[in-house]
Every structure is written in structure tokens, then in C-alpha cells.
Amino acid sequence: MQMSLSIKKPITFFVTAILCSLFADVAHSKSILKDVRINQSDDETRLVIDLTEKVKYKLFTLNRPDRIVIDLYQTDLAKGLKTKIKKSGLVNEIRIARNNATRVRMVIETSEILFYQLSAIPKNKNPNHRLVIDLKKAFEGSKKLAASSVNRKKFIVAIDPGHGGKDPGAQGSQVIEKNLVLKISKKLKKLIDNEKTMSAFLIRDNDSFPCPGNRSNCRQQESLSERLNRAKKGGADLLISIHADAFSDSSVRGATLYALSDSRKIRRGSDYKVMYRPKTNNNIRFKSTSTNKSLSRISSGDLDTQDQSIEIGKHILKEMKKDVRIRKKTPREAEFAVLKSTSVASVLIETSYLSNKDDEKFLINPRNQDKIAEAIVRGLKSYSASTRKELGKR
Ligand SMILES: [Zn+2]
């Protein structure tokens, strides 16, 4: 059973709670909370709550500060149980208290808004009934993109010309995709490097197929994750993957931009939920804990934000629309591998269709390649200006 609940509080303490409860078959037998264990690995933290018996519980999340609260019913605290657990991994602090005769409340204060997942593991060989809470970082890419784009420090763009080497991509009548997108990508790099506050690097700068460890050959999936790795290694705030489409129906034409919302970047079929969704125009706001500092000095840690890949995609499309035929006016969500990283924001641009004669004619004209690159740069600047404006409003 699951439901949403909004608690009215002053705006500054904007709160959203998600309630989630599970009922035990037997409600009478008291359970004892024996231990809370924390395991930390990379960007994930796991909490294991050891109980003597299965319990009825309720879980909800609060924000500002960010918390997961879990109420355990018909539960006692074991003697000597630590009721305050210090910072570990993504957990800032855990406070455990009995808050009425039958209820124990555990407040898990987290370092930021996270993805979380709760599962119950019944007793088997293990003498304890366990509740397991997995916490995972979710919005690093979005936060980094937003913070860097309003800062005075260099905004770094990784440009990924699709395909390459053994993989030609779409075939037009006069050009193949891998060559065309490399040309556009090089023009885009040059334009970005001309901007004072931006710099760019290419994931491939020749007719090669990117592979891990600079191997000469690898599988498609390996190449796609290598492209993301190169973007991360280069410290990219944004990855732009450039492609050109082909379709069996040659009348289909126009450019499409793809981007993924952050919650769709987690594995399909996983039970992760997000601790909250900011209710602002473009999903960007300051953390309650951030001090009033200049926009040129904000860090990703100062922001509560998500879905910035989509936000920047909107700005790029809006600018592209002025010079390029567009197929869809808003970013489309598609689970392409290069879009699925939660640590680097990313968009994939299909510059239009090589299977359409007019589109191909448009794309092979160097002046039009310039126009596409120029529109993308205008989009980056427009995103930065609007983010700056939104954050300046507080
Ligand atoms: Zn392609």
C-alpha cells in the first residue's frame, strides 16, 4: 500500500512525505530492535535494522533537512542499543527513540535527497527479522550541471560524436553519420572554446570507435560506457552526444533531442524511490543549509535539484528551433546508454534524418552545420542565464 501525503508547514519548511506501510500477520507479539548496522560502498549506503520479530512499520520522507523516518510498531528497544548513530556514508545521523508506548521512531538524516529502497528479509538461518534500507546518490549530474553553469569557473562540455571506426551509423546517399557528426562536433567544440566561461573536449576526434583502455575493438555496449567514462574522467558538467537519424519512412524529417529525467536513470524494474521532488518551475533550489553566497561560488552541494538534463535540453531545442527543422518541440525521454549516468548530465541530439533527402541536403551544407553548433551554444548560455535568474530570486 502506498500513498502520498502533504503536511502543511511554512513554505521554507516545504515538506513532502511518502507513506508506505506493511502489516504483519501477527500484531500482538512484541519485537525488539536489536541493532542498526551501516554498510558503505562507493555511492551507496545500506542500513540493516535487526529485529527479533516481524513488525508493522511505516516509512515516510521529509526534507530540509532531508530525512527518512521509519516508525516501528509494537517494538521495544534492546538494552544498551545506541540511540544516536553518527555520520557514515550517505547518512548524517540516525536518532532512535520510543515516541509512545508501542512505537519506536527512527529518524535517518541523509546527506542529501537520495534514492531509497526498503526491503524486509524474514528470518531464515539468520535469527533476526531484518529491514534493509538502501540509499543511493541520485542527482549528482543535475547538481553539477546547474552549479557549474552559473559559476564563473569553466563549464566543461564533453562532445560525443556518435559511432566511428567500424560503426558507420546511419547511411545517407552522400554522407555517412559517423563522418557528418564528427564535423558538427568539431565545429561545436571550437565555438564552445571561444566562450570565456566554457571549454569542450571531444570523446573521439578522428574516425575511431571508442573502446575501454584504447583497445582497437570492443562491443557496442562497452563503447557506450567508455564514452561516458571519458566524459567523467574529463570532468564534464554536460555530455552532448551528436547523431543523425535514419528511418524506413524517408518522409520523416527534423531534429530530435533526447534526455532522461533523473528518476528514469536508475535501473528499470528497481524499487528505488526518490526522497522528494522539488516543486519549482525548473526543479532547482538552494539547500536549506546553504548560506547566502554569490552565484559565482555555489557548489553542487548547495543545490537541491534534479532533471537538469531535461532542463538544458529544453533550452537547446528552443534555440535550435530558430534555425533547424525540429521533429519534437520538447526533449524526448529515451533510455539510451549515454543518457543513463546519474553522475553526468547528458543530452543526445539527432540532428535530423539522413534518410530524408532534404534533411541530408541541409546537414551536409557546412553553413547549416555551423547553425546547429551555434544554436547548441546559445542553448547552453540560455540555460545558464535562466538558472542564474531562478537561483537569484530567493
Ligand atoms: Zn547515431
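Q: Which parts do the buried residues of α2 pack against?
A: In this predicted model, they pack against five named stretches plus α6: β13 (155–161), β14 (198–202), β15 (238–245), β20 (345–353) and α5 (357–364), and then α6 itself.

Q: And which residues of α2 are the buried ones?
A: The list is E177, K178, L180, V181, L182, I184, S185, L188, K189 and I192.

Q: Why would residues three or four places apart point the same way in an α-helix?
A: An α-helix has 3.6 residues a turn, so a step of three or four places brings you back to the same direction.

Q: What span should α2 have, and what does the model give?
A: Helix α2 (residues 177–194) has 18 residues, and at 1.5 Å a residue the expected span is 26 Å. Its end C-alpha atoms are 26 Å apart, so the two agree.

Q: You mentioned α6. Where does K371 lie?
A: K371 lies in helix α6, which covers residues 366–392.

Q: Does K371 count as buried, exposed or partly exposed, and why?
A: Partly exposed, because K371 has 17 C-beta neighbours inside 10 Å. Being buried would take 20 or more, and being exposed 12 or fewer.

Q: What does K371 touch, leaving out residues up to four places away in sequence?
A: K371 touches D323 and V324.

Q: How far is K371 from A231?
A: Their C-alpha atoms are separated by 24 Å, and the two residues sit 140 residues apart along the chain.

Q: OK, switching to strands. What's the order in the open sheet of six?
A: It goes β7-β3-β4-β12-β11-β17, and the pairing is mixed.

Q: Which strands are at the edges, and what does that leave them with?
A: β7 (75–77) and β17 (273–274) are the edge strands. Each has a single partner strand, so one side of each has no neighbour in the sheet.

Q: How does β7 pair with β3?
A: β7 and β3 (residues 31–41) pair in the parallel sense, over three bridges. L33 stands opposite L77 in β7.

Q: And what about β3 with β4?
A: Those two run antiparallel, with eight bridges joining β3 to β4 (residues 44–51). D35 stands opposite D50 in β4.

Q: What links β3 and β4?
A: They form a hairpin with two residues between them. In the turn, D42 has a positive phi of about 45°.

Q: Last one: are β11 and β12 parallel or antiparallel?
A: Antiparallel: β11 (residues 114–121) and β12 (residues 129–137) pair over eight bridges. Here S119 stands opposite V132 in β12.

How values were computed. Residues numbered from 1 in each chain as written. Predicted model: local features only at pLDDT ≥ 70, side-chain atom pairs only at ≥ 80, totals over all residues. Pairing = 2+ DSSP bridges. Helix = DSSP H or I, 4+ residues; strand = E, 2+ residues; numbered from the N terminus. Contact = placed C-beta atoms within 7 Å. Expected span 1.5 Å × (residues − 1).
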